[in-house]
Amino acid sequence: MTPDHASDIRHSAAAAVVAGVDGSRHADLAVDWAAGMAAQRGRELRIVHALDLSRLRLGIGSLDSPAAAVLSAARERGAALVERSAQRVRAMLPGLRISTEVVDRDPARALVNASASAYAVVLAAHGTHRLPGHFGSTMSAVAAHASGPVLVVRADPHDKDRVHTEGPVVVGVDGGPVSEAAIGAAFEEAAEREAELVAVHVCHDVYYGQFADDPHILYSAREVEVRERAVLAERLAGWQEKYPEVTVTRRVSLADPGAVLLESSKSAQLLVVGSRGRGAVLGALVGSTSHALVQHAWCPVMVVHPHP
């Protein structure tokens, strides 16, 4: 199980919910979602804008204005941007503690640094950058390297202005120790939201066992499913004792993990996944399943890292 909250920096009284903003409509949705989390948990909301100096310096060379003037104007714009976000949130949640910050570094590094002392880092699934994949790479880098949970706020694909607020919390369980932190975070989220927890354990090894000398190939699909249900029950047992108020539904599937969890996200208010699963390549930005879900899920996705 994860460390006790008393020794966890994330759960200290000073740990804020950090939201990254870039002036886009998607970022506004993420800030509003982060504000709701901060209000519910009695925490400060910290709104951060990163200037992305690499982009600024790239453009400065083609301008007649001095570099200092361009950077000063960018900082002024950033300060106005975070203040507008703060004012909008104060109008909705007047009692919420809010702080703002403009930092001179690229967005991914800024949010990764902020995660070291944050309760959670929240960012939008899409940004303002015109180059396809730029914001996605920032999102992947933050999800891969942050010290604490990263929440990617995804709107419903059929209603770009609506973020799911109802339904269960769904957690992907891979049967290995790396998913332990994700299970703990999912139980905490379900308890805070007074929501059902759906634990999804996907065992697709049965399909490639013939190529990897895997013992699953010696058993029928039904036998594998029975065995994996026992594995799932074992993984959840300690957490169910810690959070007895949380109603838990267990699901075992012999299919592709990404496809099963993506389907589950259609009716969920939050999807929780670990930062790596079995078979992940060390050094990759983020596990392939996690990467696919933060790009395509129908609801907000929480990416959780194993505790040191």
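Cysteine 203 counts as buried, at 1% relative accessibility; buried here means under 20% relative accessible area, exposed means over 50%, and partly exposed lies in between (1.4 Å probe, protein chains only). You will find cysteine 203 in the loop between β7 (197–202) and α7 (205–212). Helices (H or I, at least four residues) and strands (E, at least two) are DSSP runs, numbered from the N terminus. Try looking across from this cysteine to valine 252: the two are 49 residues apart in sequence, and their C-alpha atoms are 7.4 Å apart in space.

A word on what you are looking at. This is a predicted model, in which local features need pLDDT of at least 70 and side-chain atom pairs count only at pLDDT 80 or more, while totals for chains, interfaces and linings use all residues. Residues are numbered from 1 along each chain as its sequence is written, and side-chain values use heavy atoms, with hydrogens and water left out.

Now step back to the whole chain. The protein chain contains 10 helices and 10 strands, and buried residues make up 50% of its 308 residues. Contact means heavy atoms within 4.5 Å. Among contacts in the protein chain between residues at least 6 apart in sequence, 80% join residues at least 24 apart. Histidine 49, in strand β2 (residues 45–50), gives you a place to see contacts for yourself. Histidine 49 is buried, with a relative accessible area of 7%. Leaving aside neighbours within four places in sequence, its contacts include Val21, Arg77, Leu81 and Val103.

Next, follow helix α6 (residues 180–193). The expected span of a helix is 1.5 Å times one less than its number of residues. For the 14 residues of α6 that gives 20 Å, and the end C-alpha atoms are 20 Å apart, which agrees. Of these 14 residues, 12 are buried, so α6 is largely enclosed by the rest of the structure. Among the buried ones are Ile183, Phe187 and Arg193. Just after α6 comes glutamate 194, in the loop between α6 and β7. Its phi is near 55°, a positive value in a residue other than glycine. Is glutamate 194 buried or exposed? Glutamate 194 is exposed, with a relative accessible area of 76%.

Helix α1 (residues 25–41) is worth finding too. Its 17 residues should span 24 Å, and its end C-alpha atoms are 25 Å apart, which agrees. Buried residues of α1 include Leu29, Trp33 and Met37. After α1 comes glycine 42, whose phi is positive, near 65°.

How do these helices meet? Two packed helices are described by the angle between their axes and the distance between the axes. Axes are lines fitted to C-alpha atoms, for helices over the stretch in contact, and angles run from 0 to 180 degrees between N-to-C directions. The axes of α1 and α6 come within 11 Å and cross at roughly 80°. That makes α1 roughly perpendicular to α6, since angles of 65 to 115 degrees count as roughly perpendicular, under 35 as roughly parallel, over 145 as roughly antiparallel and the rest as oblique. Trp33, Met37, Gln40 and Arg41 of α1 make the contact with Glu189, Glu192 and Arg193 of α6.
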